[in-house]
Amino acid sequence: MEIKAPDFKTREDKLTSWLDGEARQFLFDSFSDDYCSRMGMLFLQGVEMPIKAEDLKAFHGEGGLSITTLADNIAIVIGSNTQFKHRDAYIQYLKAYFNENLVEVLAQSGASELVENRYRKACIYFRAALLLDGGNRNAMFGYACCCREWYLSMEGEDDQQLIAILKAEATEYFEHLTRLYPEDAAAYYFLGYAYLNQGLYTKSQLIWKKFLELSKDESKDEVKEIKERLDSLVEPVKIEEGINHLIAGRYEEGLKILEPYVESEYTNWWPLHFYLASGYEAMGWDAEAIEGYRRVLRLNPSNIDACEALADLYASAGDADNADKYLKKSQIIRRNAEN
């Protein structure tokens, strides 16, 4: 079965509101109907073209605006908003005047902007390239790397919505690259980190093993780095296995794997105690579940799920005071989160 590249034109554009400021520099004006007819571009009749204010005179002058300038303007508009109303006419115009090398030119423009840490502009050029050719390797890789570098640059910032979108976009396009270009080691390298960032340790382990399989030069720093990463993933992968058993309802198997880690270097990792507590609760071991959830709250005092679980467990045990205490605590946490 043929593996096809994603169609960038049909994807939901979640980044427009963070990018369209770049397109606000333009005014919009149309070619005359006579010009469109003479040039055989009837599809451009009534289509507003993006022009900088200082270029309006040239656009209407005898020499006209250079086609490369207009192409760059178009790229910025459709790269900012992939659902722009004249997108398809713009793409038809670009394909009429430029060959397939335009995609590489746009991808290179994105790479140049990325080197200068101008993430929005870089992202726009990569997106414009993907609108022209959704399977272009350089455009796909550049877009994934740009999204990754952008969210890494935002460490400590409050815009969690943008960070989440960028992480999802980067992961998706590194995944597409491994399917479309399965011999490209670089995509596996970055995808492993994307999975690690999401706590998907088994996936990260498998992807990095593939990276090492494809990497021919054993002396490269990246190879040494990933070998060290894989060594450090042995225990997290085992913990993830235990958690997956619990999620699947195989409580005894999950608890057997996870319990030894309580007295290990992972003893202060609150999710370990949360999953153990949920397993105990499912097994009907309420005392162990209560102790587990209380331990979660000692490590993560604002954990609303642990509060609500404790309220339910104490209510079932007939301990109204503690049930009320944790119910009120969960309500306070929820109100604070909403505020």
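Analyst: Buried means under 20% relative accessible area, exposed means over 50%, and partly exposed lies in between (1.4 Å probe, protein chains only). The model is predicted: local features need pLDDT of at least 70, side-chain atom pairs count only at pLDDT 80 or more, and totals for chains, interfaces and linings use all residues. Residues are numbered from 1 along each chain as its sequence is written, and side-chain values use heavy atoms, without hydrogens and water.

User: Why is glutamate 291 called partly exposed?

Analyst: Its relative accessibility is 40%. That falls between the two cut-offs, so partly exposed is the label.

User: And what makes glutamate 291 and arginine 298 a salt bridge?

Analyst: The term requires a side-chain nitrogen of Lys or Arg within 4 Å of a carboxyl oxygen of Asp or Glu. Here the closest N and O atoms are 3.2 Å apart, so the pair qualifies. Arginine 298 counts as exposed, because its relative accessibility is 52%.

User: How many salt bridges does this rule give?

Analyst: The count is 16. One of them joins arginine 118 to glutamate 113, with the closest N and O atoms 2.5 Å apart.

User: Is glutamate 113 buried or exposed, and how do you know?

Analyst: Buried, because its relative accessibility is 13%. Arginine 118 has 43%, so this partner is partly exposed.

User: Why is glutamate 169 called buried?

Analyst: Its relative accessibility is 8%, so it passes the buried test. Glutamate 169 also belongs to a salt-bridge network with Arg11 and Glu172.
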